[in-house]
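Colleague: I would like to go through this model feature by feature. Tell me how to read each one.

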Amino acid sequence: MGKIIAVANQKGGVGKTTTSVNLGACLAYIGKRVLLVDVDPQGNATSGIGIEKADVEHCIYDILVDDVAAKDVIKPTAVENLDIIPATIQLAGAEIELVPTISREVRLKRALEAVKDNYDYMVIDCPPSLGLLTINALTASDAVLIPVQCEYYALEGLSQLLNTVRLVQKHLNTDLTIEGVLLTMLDARTNLGIQVIDEVKKYFQDKVYKTIIPRNIRLSEAPSHGQPIIIYDPRSRGAEVYLDLAKEVVVNG
Ligand SMILES: Nc1ncnc2c1ncn2[C@@H]1O[C@H](COP(=O)(O)OP(=O)(O)OP(=O)(O)O)[C@@H](O)[C@H]1O
Ligand SMILES: [Mg+2]
């Protein structure tokens with residue numbers, strides 16, 4: 001049975017998609033069978049892994065709203081061992097369309113359960129909100145990975161996220177754990193970054209990954225080529241650290 005990890009933080013631009021795509025690709029690179037699940041209407045993970053949205057016939061919307069089976073939506077990517085459930089802008093309507101439906105919070109969970117045996121890991125890229133799409137992701141997951149950007153106000157909003165995690169644990173998914181907190185976009189030249197690391201470690205203690213993701217220009221270039229960093233520039237620092245993260249995730253079990 002595969003492990004399902006939601007990459008979530010309602011704060012925008014903290015590295016959720018960069019982490020989902022590159023953690024997923026690095027897990028695949030070390031031989032794991034991986035399904036990337038794009039649950040963000042922006043579809044950044046979908047385009048970032050090289051899927052043309054114009055070519056997407058079925059997307060995550062069809063799973064959530066129209067009960068289409070996951071196996072009919074899954075697409076292979078150019079990366080060996082890595083498949084994706086893509087998202088398109090159509091998903092933007094789902095948050096509202098799901099409100100009056102039965103079992104609206106467990107739709108993703110049910111769909112993924114049907115394909116869970118085909119994968120070692122599923123990585124879900126969440127949108128920057130705590131709405132129904134993120135709730136579906138948390139309900140479907142075994143663990144949540146929280147990227148935190150190494151900047152001022154890094155911890156702001158995290159109590160809201162943790163509160164949502166607790167509510168999901170209580171009402172929808174008692175098995176959900178916090179997989180870890182990932183520090184992202186560290187600029188090692190500033191003292192601020194170091195201060196944020198200390199602050200986050202004080203708060204989350206051993207839940208913080210040893211791997212810290214630095215700012216790396218190659219990581220920001222890769223999505224426009226539709227490639228994960230391990231393909232775009234395997235010798236870059238970005239590739240190195242996301243490979244380290246993948247190994248840490250495997251070791252953590
Ligand atoms: N380690 C990094 N070094 C340099 N640039 C990065 C790094 N991580 C992310 N970026 C860039 O920062 C921007 C935001 O990252 P990303 O899209 O991963 O965040 P996000 O949390 O998914 O955003 P959103 O909330 O909009 O979904 C992107 O342009 C991305 O390329
Ligand atoms: Mg994103």
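Colleague: In which sense do strand 2 and strand 4 pair, and over how many bridges?

Modeller: First, a caution: this is a predicted model. Strand 2 (residues 34–38) and strand 4 (residues 82–85) pair in the parallel sense, over 4 bridges. In that pairing, Val37 stands opposite Ile85 of strand 4.

Colleague: How many bridges join strand 2 to strand 5?

Modeller: There are 5 bridges between strand 2 and strand 5 (residues 121–125), and the two run parallel. Leu35 stands opposite Met122 in strand 5.

Colleague: Which way do the residues of strand 2 point?

Modeller: In a regular strand, side chains alternate between the two faces of the sheet. Here Val34, Leu36 and Asp38 point one way, while Leu35 and Val37 point the other way. All are buried. Strand 2 is mostly covered, with 5 of its 5 residues buried.

Colleague: Which residues touch the most other members of the largest nonpolar core?

Modeller: In soluble globular proteins, nonpolar side chains tend to be buried together. The largest nonpolar core here has 81 residues. Those touching the most other members are Cys26, Leu36, Ile60, Val123, Ile124, Ala137 and Tyr242.

Colleague: Take Ile124. What is Ile124 in contact with, leaving aside its neighbours within four places in sequence?

Modeller: Ile124 is in contact with Ile4, Ile5, Ala6 and Val7, among others. Val37 and Val39 are also on the list, as are Ala137, Ala140 and Ser141.

Colleague: Now the backbone. What is phi of Met185 near, and what of Gln205?

Modeller: Most residues other than glycine have a negative phi. Met185 has a positive value, near 55°. Gln205 is positive too, near 50°.

Colleague: Where do they sit, and is each buried or exposed?

Modeller: Met185 is in the loop between strand 7 (177–184) and helix 8 (191–204). Met185 counts as buried because 21 C-beta neighbours lie inside 10 Å. Gln205 lies in the loop between helix 8 and helix 9 (217–221). Gln205 has 9 other C-beta atoms within 10 Å, so Gln205 is exposed.

Colleague: And Val68: where is its place, and how does it count?

Modeller: Val68 is in the loop between helix 3 (60–66) and strand 3 (75–76). Val68 has 16 C-beta neighbours inside 10 Å and therefore counts as partly exposed. Leaving aside neighbours within four places in sequence, Val68 is in contact with His58, Asp62, Ile63 and Val73. Pro100 is 32 residues from Val68 along the chain, and their C-alpha atoms are separated by 18 Å.

Colleague: Which residues surround ligand 1?

Modeller: The shell has 19 residues. The closest are Lys16, Thr17, Thr18, Pro128 and Ser220. Helix 1 (16–29) and helix 9 each supply at least two residues of the shell. The largest share, 3 residues, comes from helix 1. By type, the shell divides into 6 nonpolar, 10 polar and 3 charged.

Colleague: Last, the whole fold. Why does the radius of gyration agree with a compact globule?

Modeller: A compact globule of 253 residues would have a radius of gyration near 18 Å; the protein has 17 Å, so the two agree. The C-alpha atoms fill a box of roughly 50 × 40 × 30 Å along the principal axes. The protein has 11 helices and 7 strands. Of its 253 residues, 49% count as buried. Among contacts with a separation of 6 or more, 78% join residues 24 or more positions apart.

Terms used
Residues are numbered from 1 along each chain as its sequence is written. Chains are lettered from A and ligands numbered from 1 in the order in which they are written. This is a predicted model: local features need pLDDT of at least 70, side-chain atom pairs count only at pLDDT 80 or more; totals for chains, interfaces and linings use all residues. The radius of gyration is taken over C-alpha atoms; the globule rule is 2.2 Å times the number of residues to the power 0.38. A residue is buried if 20 or more other C-beta atoms lie within 10 Å of its own, exposed if 12 or fewer, and partly exposed in between; C-beta atoms are placed from the backbone. Two residues are in contact if their C-beta atoms, placed from the backbone, lie within 7 Å. Two strands pair if DSSP finds at least two bridges between them. A residue is near a molecule or strand if its C-beta atom, placed from the backbone, lies within 6 Å of it. Ala, Val, Leu, Ile, Met, Phe, Trp, Tyr, Cys and Pro count as nonpolar, Asp, Glu, Lys and Arg as charged, and the others, Gly among them, as polar. A nonpolar core is a set of buried Ala, Val, Leu, Ile, Met, Phe, Trp, Tyr and Cys residues joined through C-beta atoms within 7 Å.
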